[in-house]
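Subject: Structure for you to look over

Dear colleague,

I am passing on the structure we spoke about, together with some notes on what turned up when I went through it. Please have it open beside you as you read.

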Amino acid sequence: MSASQIPPATAVPGDDVPTLLVKIFGKDRPGITAGLFDTLAAYSVDVVDIEQVVTRGRIVLCALVTAPSPAEGASGSSEGDLRATVHSWAESLNLQAEIISGRGDNRPRGTGRSHVTVLGHPLTAESTAAIAAAITSTGGNIDRIFRLAKYPVTAVEFAVSGAATDALRSVLAPEAAMLGVDIAVVAAGLQRRAQRLVVMDVDSTLIQDEVIELFAAHAGCEAEVAEVTAAAMRGELDFEQSLHARVALLGGLDASVVESVRKEVRLTPGARTLVRTLKRLGYQVGVVSGGFTQVTDALQEELGLDFASANTLEIVDGKLTGRVTGDIVDRAGKARLLRSFAQQAGVPLAQTVAIGDGANDLDMLNTAGLGVAFNAKPVVREAAHTAVNVPFLDTVLYLLGITREEVEAADTHLG
């Protein structure tokens, strides 16, 4: 059909056009949706809107349709006839029906659209009530709520209109800290579904360990190195100075220790699932680390990462010299590398996601379109766009609107 042949639109009625909201409740079974619309078809009504939810085997089906004209339909079809027929059909299936008369379509949604993702372990009624009240306090309206995952955490998403994303974020961030849940607020729009670049820190993010501490254990100076590491991650020491000080303690170690450390590295729970799912969705994934290429190169190969950058331990005559070579990957360096990876990937910075836990990740988190503090230090949690405080890295997928069912379906289909 050409554009000139398309009839005038009737599916979006004006405010003066009579409409009916048909609501069906009851035990779900196959055929309910088809049966309702078969019943309505006899009255030549137009479908304006549909919403259906099934929770624990109970269906709520809502259909907004134009009211029938007395001159149309199969049996003199008036609104009264339609009501009687729908109620009769519903009763035959042990369902309940409610029909509400009105005019026009739904109220227009307010300007400003956001997705508010909530992760709870567990998610309580008290915290849900507080979150809903906080959204309302910004002038936002909750248009829809649905569950993204039931394990390893409960993840739900609120579709909100009528409030600016930044305003929602500023109100909900302190609420999340007080309630002990994780809340992410991102703007709605096509960019949420666009191809993205995800860049992660390595130590205590992609992996459970601090790599330099694994090396230090072989050198017998683990406690000393750990103390300097902790101070650096809290932002109390300059990263580059602390790096040189810690690496100097490794001087003289045999280079064979590199292979031993690689075997000792433990991926964070959910790390493989996160990377595998992102790659299957066409995302590009990279890591930046204040640790060492001797480990990140192996992780890049193992996980199929698109990008990886870290410091390099100098090895001469089969021994660690206690020095690093090349440019230092520090706080500013991580942000610079994020920009470089994004340029290489052809992805705008607004569509990048950065994940990290320490103070040296802050510039990277603030440069990305979405910065996620993962089990992070307080200074990082306060500065990042959102925080995840459960020990499962794949929960970041829910912040991107990816459901647990989609993850599992991809795993089943692709093995």
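A cavity, in the sense used here, is a set of grid points where a 1.4 Å probe fits but cannot get out, and its volume is the space filled by probe spheres set on those points. Please keep in mind throughout that this is a predicted model.

Enclosed space

With a threshold of 30 Å³ or more, the structure holds 1 cavity, and about 130 Å³ of space lies in the largest cavity. Its lining is made up of 15 residues, and those that lie nearest the centre are Asp203, Glu210, Phe239, Gly290 and Gly291. Helix α6 (222-233), helix α7 (239-248) and strand β10 (284-292) each supply at least two residues of this lining, and β10 gives the most, with 4 residues. By class, the lining of the largest cavity is divided evenly, with 5 nonpolar, 5 polar and 5 charged residues.

The second largest pocket

Among the open pockets, the second largest has a volume of about 360 Å³. It is lined by 17 residues, of which Ala173, Ala176, Ala177, Arg381 and Ala387 lie nearest its centre. The elements that give two or more residues to this lining are α4 (165-179), β8 (182-187), α13 (378-383) and β15 (386-388), and the largest share, 5 residues, comes from α4. The lining of this pocket has 9 nonpolar residues, together with 4 polar and 4 charged ones.

Helix packing

Helix α4, which contributes to that pocket, also packs against α3, and the axes of α3 and α4 come within 9 Å and cross at roughly 160°. Since angles over 145 degrees count as roughly antiparallel, α3 is therefore roughly antiparallel to α4. The crossing of α3 past α4 is right-handed. On the α3 side the contact is made by Ser127, Ala130, Ile131, Ala134, Ile135 and Ser137, which meet Leu168, Val171, Leu172, Glu175 and Leu179 of α4. These residues divide into 8 nonpolar, 2 polar and 1 charged.

Towards the start of the chain, helix α1 (residues 32-41) and helix α2 (residues 79-92) pack at an angle of about 155°, with their axes 10 Å apart, and α1 and α2 are therefore roughly antiparallel to each other. Here too α1 passes α2 in a right-handed crossing. The residues that meet are Ile32, Gly35, Leu36, Thr39 and Leu40 from α1, and Leu82, Thr85, Val86 and Trp89 from α2. In this contact there are 6 nonpolar and 3 polar residues, and no charged ones.

The pair formed by helix α5 (residues 211-219) and helix α8 (residues 257-264) has axes that come within 10 Å and cross at roughly 125°, which makes α5 oblique to α8. Helix α5 passes α8 in a right-handed crossing. Val211, Leu214, Phe215 and His218 in α5 meet Val257, Val258, Ser260, Val261 and Glu264 in α8, and the residues of this contact divide into 6 nonpolar, 2 polar and 1 charged.

Backbone details in the loops

Some points of local geometry may deserve a look on your screen. The peptide bond from His121 to Pro122 is cis, with omega near 5°, and Pro122 is found in the loop between β5 (113-120) and α3 (125-137), α3 being the helix that packs against α4. A cis peptide bond also joins Tyr151 and Pro152, where omega is about 0°, and Pro152 is found in the loop between β6 (141-149) and β7 (154-161). Finally, Ser44 has a phi near 50°, a positive value in a residue other than glycine, and Ser44 is placed in the loop between α1 and β2 (47-55), α1 being the helix that packs against α2.

With best wishes

Methods: Residues numbered from 1 in each chain as written. Predicted model: local features only at pLDDT ≥ 70, side-chain atom pairs only at ≥ 80, totals over all residues. Heavy atoms only, no water. Axes fitted to C-alpha atoms, helices over the stretch in contact; angles between N-to-C directions. Parallel < 35°, antiparallel > 145°, perpendicular 65-115°, else oblique. Left-handed = near helix turned anticlockwise from the far one by under 90°. Contact = heavy atoms within 4.5 Å. Nonpolar A, V, L, I, M, F, W, Y, C, P; charged D, E, K, R; others polar. 1 Å grid on protein atoms, 1.4 Å probe; cavity = no way out; pocket = protein on both sides within 12 Å on 5 of 7 lines; lining within 4 Å.
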